[in-house]
Amino acid sequence: MASELLDDFRTDKTIERGMEWLLDSRNTDNGWGDFKSNFSNVLCTFEGLDTMIKFRKYKNKTKENEEGKVKK
């Protein structure tokens, strides 16, 4: 991810708002469609899940950074 490569985590708020939007856009079957409230499809659901996995990795990395476990 760009923030990791650049060692710049100032975008936390923007990324978290994007994640909130993504979760709010889920359909009742927990999938995603091309647009909010469209039928879920495999491609959009895959993209949503992939984004959630990347977000988790990002949050773990920022947490390690804050705790001083990552050495520069």
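1. Trp32 is a good residue to look at first. In this predicted model, Trp32 has a relative accessible area of 5%, and because buried means under 20% relative accessible area, Trp32 counts as buried. Trp32 does not sit in a helix but is found in the loop between H2 and H3.

2. The surroundings of Trp32 can be read from its contacts, where residues up to four places away in sequence are not counted. Trp32 touches Leu22, Ser25, Arg26 and Asn27, and also Phe39, Ser40, Asn41, Cys44, Thr45, Gly48, Leu49 and Met52. One of these residues, Gly48, is 16 residues apart from Trp32 in sequence, while the two C-alpha atoms are 6.9 Å apart in space.

3. Leu22 deserves a separate remark, since a polar atom of the side chain of Trp32 lies 2.9 Å from the backbone oxygen of Leu22.

4. Trp32 also belongs to the lining of the largest pocket, and this pocket has a volume of about 160 Å³. The lining is made up of Trp21, Leu22, Ser25, Trp32, Gly33, Asp34, Phe35, Lys36, Cys44, Glu47, Gly48 and Thr51. The elements that give two or more residues to this lining are helix H2, which covers 12-24, and helix H3, which covers 42-67.

5. Which element gives the largest share of the lining of the largest pocket? That share comes from H3, with four residues.

6. As for chemical character, the lining of the largest pocket divides into five nonpolar residues, four polar residues and three charged residues.

How values were computed:
Residues numbered from 1 in each chain as written. Predicted model: local features only at pLDDT ≥ 70, side-chain atom pairs only at ≥ 80, totals over all residues. Heavy atoms only, no water. 1 Å grid on protein atoms, 1.4 Å probe; cavity = no way out; pocket = protein on both sides within 12 Å on 5 of 7 lines; lining within 4 Å. Points joined across faces, edges and corners; volume = space filled by probe spheres on them. Nonpolar A, V, L, I, M, F, W, Y, C, P; charged D, E, K, R; others polar. Buried < 20%, exposed > 50% of the residue type's maximum accessible area, 1.4 Å probe, protein only. Contact = heavy atoms within 4.5 Å. Polar contact = N/O pair within 3.5 Å; in protein donor to acceptor, adjacent residues only side chain to side chain.
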